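I opened my notebook for a walk through this model, with a few places marked for a closer look. Here is what I looked up, in the order I went.

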Amino acid sequence: MNLTISPNINLEASATLAINEEVKAMWNRGETVYHLGFGEARFAVHPKIEEALKTNAHRKAYPPVQGIPELREAVANYYGNFLNLDFSAEQVIIAPGSKALLYAVQMALDADVLLASPSWVSYAPQAQLLHKQAIHVKSTSDNAFALELEQLDEALKRCTRPHKLLIINSPNNPTGRVLEPAFLQSLADYCRKHNIIVMSDEIYGKVTFDFEEHSAIKHKSLASYYPEGTIILGGLSKHLSLGGWRLGKAIIPKTMLELTQAINAIASEIWSAPSAPIQYAAVTAYSQDADIESYINACVSLHAARSSYIWKEISKLGIRCPQPQGAFYMMPDFNQYREGLSAKGIHNSKDLASYLLKNYSIATLPSQAFGLADSELALRLSTSFIDLETDEAAKDVLNHWQGDWQAGMSFDDLVKQKHPNTAKMLEQFGSFVEHIQGRTP
Ligand code: PLP
């Protein structure tokens with residue numbers, strides 16, 4: 001058959017899903033791979049949420065397009081309480097994953113899309129699917145990949161449409177960095193002045209490392225400073241490890257009723273509504289139940305312990321990497337080893353990721369996939385998978401963690417006891433650094 005695929009459709013699957021499939025194929029062939037390529041939270045479904053899904057399995061009617069009213073009410077209360085803001089159920093839209101909503105908002109708004117760099121792998125391809133230009137706001141490893149207003153100003157000059165949509169993401173995938181209140185305030189002032197609508201991807205909002213030495217780090221939404229212009233995105237995938245349930249939410253500013261109508265129109269023509277049983281189970285997930293909240297805290301503290309440990313150990317090897325403060329990612333850069341890397345035929349981040357996978361069995365993603373310049377030799381490491389490869393391992397590590405944590409044991413000990421693959425992966429990283437410095441052949 002003679003097919004003509006639209007030129008705006010890149011036939012490659014999303015980089016993050018592709019690496020996950022590649023790693024699984026390698027595992028199936030019996031090969032060793034240390035999987036730092038995929039950001040999937042791995043913990044078990046909380047029993048109360050699982051029970052709620054079973055109880056609601058009989059629900060078979062099409063739900064309302066915007067989401068069932070009970071869930072929209074629960075989401076408004078949950079995030080109102082979490083962010084200390086006032087939301088109503090009318091502002092909430094439920095969809096099969098926040099990815100679908102990120103796409104629908106871009107589709108609904110006649111605006112150029114401004115992206116902080118590095119940024120999550122799907123924003124720019126979504127813009128491309130919609131024939132929009134995604135304009136990257138530059139950042140570099142020298143300033144820890146931070147979003148800066150001067151660079152935003154530069155990017156604004158490249159916009160051609162009168163309206164602009166800026167996408168931000170904190171805690172951040174790929175860097176694990178959190179935007180601080182003072183910066184959010186200045187960003188709010190800037191966006192208000194330039195009439196920029198912001199899509200604030202807060203899917204990791206509950207995954208911040210706000211304990212121990214990180215006690216100052218708490219998630220704040222841009223909506224606290226810029227309520228009239230901030231669309232908040234999120235869902236169940238990360239803090240409750242429910243990625244496969246496909247449930248996301250958007251909270252639209254009260255002043256953007258037309259946008260809510262537009263997204264509902266898009267949803268009604270594409271996905272109709274998320275599955276009814278999942279929505280009823282999500283009411284329990286958003287019920288502010290004390291057991292569920294303490295489970296979230298335990299999972300988050302384990303993510304934090306694992307990320308902090310890996311960050312500390314790779315920093316000891318001399319690798320530069322901004323310290324993660326949330327989510328389950330970090331972005332080390334290898335620019336200081338440029339000469340040694342070039343001698344091995346590694347000229348960009350894609351070469352670097354392939355080399356590490358082929359020679360050191362470490363799966364990562366290249367910084368290119370996150371919109372950084374080709375010349376930047378950085379990688380995204382995801383810490384959510386390693387040593388939690390099976391459901392049993394994830395349960396076992398979390399059980400130990402809950403016991404040890406309550407008994408006041410150190411994070412590092414637990415990581416050492418229950419993380420053999422992490423230890424081997426760090427050894428491999430050590431050998432790689434020796435190798436590119438020319439100390440080993
Ligand atoms: N936003 C970010 C930054 C993500 O990392 C992800 C998933 O990896 C998503 C959005 C999409 O999440 P979901 O569609 O599962 O709600």
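**Entry 1: backbone oddities**

I began with S241, which is buried at a relative accessible area of 11%. This is a predicted model, so I read each value below as computed. S241 sits in the loop between β7 and β8 (248-251), and I looked up its phi: positive, about 55°, although the residue is not a glycine.

R246 belongs on the same page, since I found R246 in the loop between β7 and β8 too. R246 is likewise not a glycine and has a positive phi of about 55°. I then asked myself whether R246 is buried, exposed or partly exposed. R246 is partly exposed, with a relative accessible area of 35%.

I noted these down because most residues other than glycine have a negative phi, and most peptide bonds are trans.

That reminder sent me to the peptide bonds. I found a cis bond joining S117 and P118, with omega about -5°. P118 is in the loop between β3 (112-116) and α5 (123-129). I also found the bond from S170 to P171 to be cis, with omega near -10°. P171 has its place in the loop between β5 and α7.

**Entry 2: helix α7**

P171 led me on to α7 itself. How far apart are the end C-alpha atoms of α7, residues 181-194? They are 20 Å apart, and 14 residues at 1.5 Å each should span 20 Å, so the two agree.

Next I listed the buried residues of α7: F183, L184, L187, A188, Y190 and C191. They cover an arc of only 170° around the axis, and therefore lie on the same side of α7. The pattern made sense to me, because an α-helix has 3.6 residues a turn and residues three or four places apart point the same way. On the other side of α7 I found A182 and K193 exposed.

What do the buried residues of α7 pack against? I wrote down α6 (149-157), β5 (164-169) and β6 (196-201). Just after the helix comes N195, with a positive phi near 55°.

**Entry 3: helix α8**

I put α8 through the same checks. Residues 257-270 make up this helix, and its 14 residues should span 20 Å at 1.5 Å a residue; the end C-alpha atoms are 20 Å apart, which agrees.

Which residues of α8 are buried? I have L259, T260, I263, N264, I266 and A267 on the list. Looking down the axis of α8, I see these buried residues fall within an arc of 165°, so they line one face of the helix. The face turned away from that buried side carries L257, E258 and E269, which are exposed.

For packing partners of the buried residues of α8, I noted β2 (92-95), α4 (98-108) and β7 (230-235). S272 follows α8, and its phi is positive, near 65°.

**Entry 4: rings and charges**

How many aromatic pairs does the structure hold? The count is 15. I picked out Y78 and Y286: their ring centres are 5.1 Å apart and their planes stand at 70°, so this pair is edge-to-face. The pair links distant parts of the chain, 208 residues apart, with Y78 in helix α3 (residues 69-83) and Y286 in the loop between α9 (276-285) and α10 (290-316). Both Y78 and Y286 are buried.

I also traced a cluster in which ring pairs link F334, Y337, Y355, Y360, F429 and F432.

Then I looked for charges over rings. R59 lies over the face of Y280, at 3.7 Å from the ring centre. K206 lies over the face of F82, at 4.6 Å from the ring centre.

**Entry 5: a histidine between helices**

My last stop was H419, in the loop between α14 (411-418) and α15 (420-436). Is H419 buried or exposed? H419 is buried, with a relative accessible area of 2%.

I then looked up its partners. The side chain of H419 makes a polar contact with the side chain of R306, at 2.9 Å. Leaving aside neighbours within four places in sequence, I found H419 in contact with R306, D387, V397 and L414.

Terms used
Residues are numbered from 1 along each chain as its sequence is written. This is a predicted model: local features need pLDDT of at least 70, side-chain atom pairs count only at pLDDT 80 or more; totals for chains, interfaces and linings use all residues. Side-chain values use heavy atoms; hydrogens and water are left out. Helices (H or I, at least four residues) and strands (E, at least two) are DSSP runs, numbered from the N terminus. The expected span of a helix is 1.5 Å times one less than its number of residues. Buried means under 20% relative accessible area, exposed over 50%, partly exposed in between (1.4 Å probe, protein chains only). The arc is that of the directions from the helix axis to the C-beta atoms. Contact means heavy atoms within 4.5 Å. Rings of Phe, Tyr and Trp (its six-membered ring) pair if their centres lie within 6.5 Å; planes under 30 degrees apart count as stacked, over 60 as edge-to-face and the rest as tilted. A charge sits over a ring if NZ of Lys or CZ of Arg is within 6 Å of the ring centre and within 35 degrees of the ring normal. A polar contact is a pair of N or O atoms within 3.5 Å; within protein, one must be able to donate a hydrogen and the other to accept it, and residues adjacent in sequence count only if both atoms are side-chain atoms.
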